[in-house]
Amino acid sequence: MMQAMRSQDKDRQMARKGRTVGVVIAATMLIWMAAQWLGAQMGWPIRLVFLFDLAAIAAFFWALVVTYQIWRMRRDNQG
């Protein structure tokens, strides 16, 4: 019984992490696209636009790391 509760808690934790990753990926893409468009329209310096590129790369890298953690948790739960 306790093991089933722990399994449910881990499933909830994985689901929460998965939703967070999905939101971060979607928001990052939208913000990055908006920054690229706005930067072109307003003539922002390349350095400023590049800063948005670096922030997007960092967010995608974070999402990749968390996705790997979810994959590991799921794999460990099965075995």
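What percentage of the 79 residues of the chain count as buried? In this predicted model, the share is 15%. The exposed surface of the chain amounts to about 6,400 Å², of which 68% is supplied by carbon and sulfur atoms.

The chain contains 2 helices and 0 strands. Its radius of gyration is 18 Å, whereas the globule rule gives 12 Å for 79 residues; the chain is therefore more spread out than a compact globule. Along the principal axes, the C-alpha atoms occupy a box of roughly 60 × 15 × 10 Å. Among contacts with a separation of 6 or more, 75% are between residues 24 or more positions apart.

Helix α2 covers residues 46-78. With 33 residues at 1.5 Å a residue, a span of 48 Å is expected, and the end C-alpha atoms are indeed 48 Å apart, so the two values agree. The buried residues of this helix are Val49, Ala56, Ala59, Ala63, Val66, Ile70 and Met73. In general, an α-helix has 3.6 residues a turn, so residues three or four places apart point the same way.

Leu54 also belongs to helix α2. Its relative accessibility is 43%, and because buried means under 20% and exposed over 50%, Leu54 counts as partly exposed. From Leu54 to Gln78 the C-alpha to C-alpha distance is 36 Å, at a sequence separation of 24 residues.

As for charge, the chain carries 10 positive and 4 negative charges, and the mean positions of the two sets lie 2 Å apart.

Terms used. Residues are numbered from 1 along each chain as its sequence is written. This is a predicted model: local features need pLDDT of at least 70, side-chain atom pairs count only at pLDDT 80 or more; totals for chains, interfaces and linings use all residues. Side-chain values use heavy atoms; hydrogens and water are left out. Helices (H or I, at least four residues) and strands (E, at least two) are DSSP runs, numbered from the N terminus. The expected span of a helix is 1.5 Å times one less than its number of residues. Buried means under 20% relative accessible area, exposed over 50%, partly exposed in between (1.4 Å probe, protein chains only). The radius of gyration is taken over C-alpha atoms; the globule rule is 2.2 Å times the number of residues to the power 0.38. Contact means heavy atoms within 4.5 Å. Accessible areas come from the Shrake-Rupley method with a 1.4 Å probe; for residues, only the protein chains shown count as cover. Lys and Arg count as positive and Asp and Glu as negative; His and the chain ends are not counted. The place of a charge is taken as NZ of Lys, CZ of Arg, CG of Asp or CD of Glu.
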